[in-house]
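The following paragraphs are intended to be read alongside the sequence and the coordinates. They begin with helix packing, proceed to the chain as a whole, and end with individual residues.

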Amino acid sequence: MQHDIQKGSFLPKEAWGMIIIILITLLSKGLGSLFPLIGSLLFAIIIGVILKNTTKLPSSFEPGIQFTLKTLLKVAIVFLGVGLSLYDILLIGQKALWVIFLSVSIGISVTYFVGKWLRIDKRLSLLIGIGTSICGATAISAVKGIVGAKENETAYALSTIVFFNLIAFIMYPIIGHLLHMSDLSFGIWAGTAVHDTSSAIAVGYAYGDEAGEVATTVKLARTLFLIPVMFCLPFFLRKRNECKSQYSSAFPWFVLLFLAVSVLHTFGFIPEMIESYLKVSSKFMIIMVMAAVGLQVRIKDITQLGYKPLLTGLIASITCALISLFLIL
């Protein structure tokens, strides 16, 4: 982390945002223990959203929020690797791979054609479809240059994804319990259907620890589908020579670290005490990430979208959810 002087302080620039996020996390853990049916993760999102939309947060908070969303999330995912053996990952991958392939392919296609039907610009339709079907904000950020999206189109797509992530966080566990889904089935469903990586993992852990571990593995496998999609997009858009440099930068290298930690766990190279510490730390970090997600939600931005992008996002979300659910059950 780079250090700079802010308001007479020698603290890192990320410190102010991290402090507020840690405070929200501690409060959320306390409330989650008092109201376990709601849980710490949902409390973290709610508190973040309330703060973002009722107060004017200082701009000095933003670096810490972005650090939590982008870097701390990856660290948490790597630490989660201590909860899964290589055998578990291969077993889960075998069960989920074809579900991921079908939900990604059909999800993007349906969203594109719904966008054409609603007369939404092709760029926005592709952003919403790819974001919904693969990995939310990460996918949108990776392909926006390839599709030539304007800033307002990118913002629209991101807001749509955030909105349906919040709905998924509330609805998925309820539906899972109503259908009496096992932790394995629910984890695969969350990993293949919930948009953002952070939200998919959080939805899984809201259902149960095993579901959270499964959702993490499945979501990381789904994230890898971003690379072939990025290779295919220029041909689809007839921009074969553009944006080749973005492929390597979009590859989620932290997935390899997650697998490395899992291998070390499989062969017993990590002491039990350290594994226990990493598990507790990773879950605390996931709550921090949810607080940061809440601090990014501007309700005013969502209400200004208009019905067409939201309707497109709704159809995309329902398509991915139903395809995954049908293939799993």
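Helix axes are here lines fitted to C-alpha atoms over the stretch in contact, and the angle between two of them runs from 0 to 180 degrees between N-to-C directions. The model to which this is applied is a predicted one.

With that convention, consider α5 and helix α10, the latter formed by residues 226-236. Their axes come within 11 Å and cross at roughly 55°. Angles that are neither under 35 degrees, nor over 145, nor from 65 to 115 count as oblique, and α5 is therefore oblique to α10. The crossing of this pair is right-handed. On the α5 side, the contact is formed by Leu126, Ile130, Ile134, Cys135, Ala139, Ala142, Val143, Ile146 and Val147. These residues meet Leu226, Val229, Met230, Leu233, Pro234 and Phe236 of α10. Classified by residue type, the contact of α5 with α10 comprises 15 nonpolar residues, with no polar and no charged ones.

A second pair is offered by helix α7, residues 183-193, and helix α15, residues 307-328. Here the axes lie 9 Å apart and the packing angle is about 150°. Because an angle over 145 degrees counts as roughly antiparallel, α7 is roughly antiparallel to α15. The crossing of α7 and α15 is also described as right-handed. Ser185, Ile188, Trp189, Thr192 and Ala193 of α7 are in contact with Cys320, Ala321, Ser324, Leu325 and Ile328 of α15. By class, the contact of α7 with α15 contains seven nonpolar and three polar residues, and no charged ones.

How many helices and strands does the secondary structure of the protein chain come to? There are 15 helices and zero strands. The C-alpha trace spans about 50 × 50 × 40 Å along its principal axes. For 329 residues, a compact globule would have a radius of gyration near 20 Å, and the 19 Å of the protein chain agrees with this. Of the 329 residues, 53% count as buried. Contacts between residues at least 6 apart in sequence can also be examined by separation: 79% of them join residues at least 24 apart.

The backbone of two loop residues also merits attention. Most residues other than glycine have a negative phi. Arginine 119, however, has a positive phi, near 60°. Arginine 119 belongs to the loop between α4 (86-117) and α5 (122-147). Its relative accessible area is 77%, so arginine 119 is exposed. Histidine 180 likewise has a positive phi, near 55°, and is located in the loop between α6 (151-178) and α7. Histidine 180 counts as exposed because its relative accessibility is 71%, where the limit for that class is over 50%.

Is threonine 197, finally, buried or exposed? Its relative accessibility is 8%, and since buried means under 20%, threonine 197 counts as buried. Threonine 197 lies in helix α8, which covers residues 197-207. Apart from neighbours within four places in sequence, threonine 197 is in contact with Ile77, Cys135, Lys219 and Thr223. One of these partners, Cys135, has already appeared among the α5 residues that meet α10.

Conventions: Residues numbered from 1 in each chain as written. Predicted model: local features only at pLDDT ≥ 70, side-chain atom pairs only at ≥ 80, totals over all residues. Heavy atoms only, no water. Helix = DSSP H or I, 4+ residues; strand = E, 2+ residues; numbered from the N terminus. Left-handed = near helix turned anticlockwise from the far one by under 90°. Contact = heavy atoms within 4.5 Å. Nonpolar A, V, L, I, M, F, W, Y, C, P; charged D, E, K, R; others polar. Rg over C-alpha atoms; globule rule 2.2 N^0.38 Å. Buried < 20%, exposed > 50% of the residue type's maximum accessible area, 1.4 Å probe, protein only.
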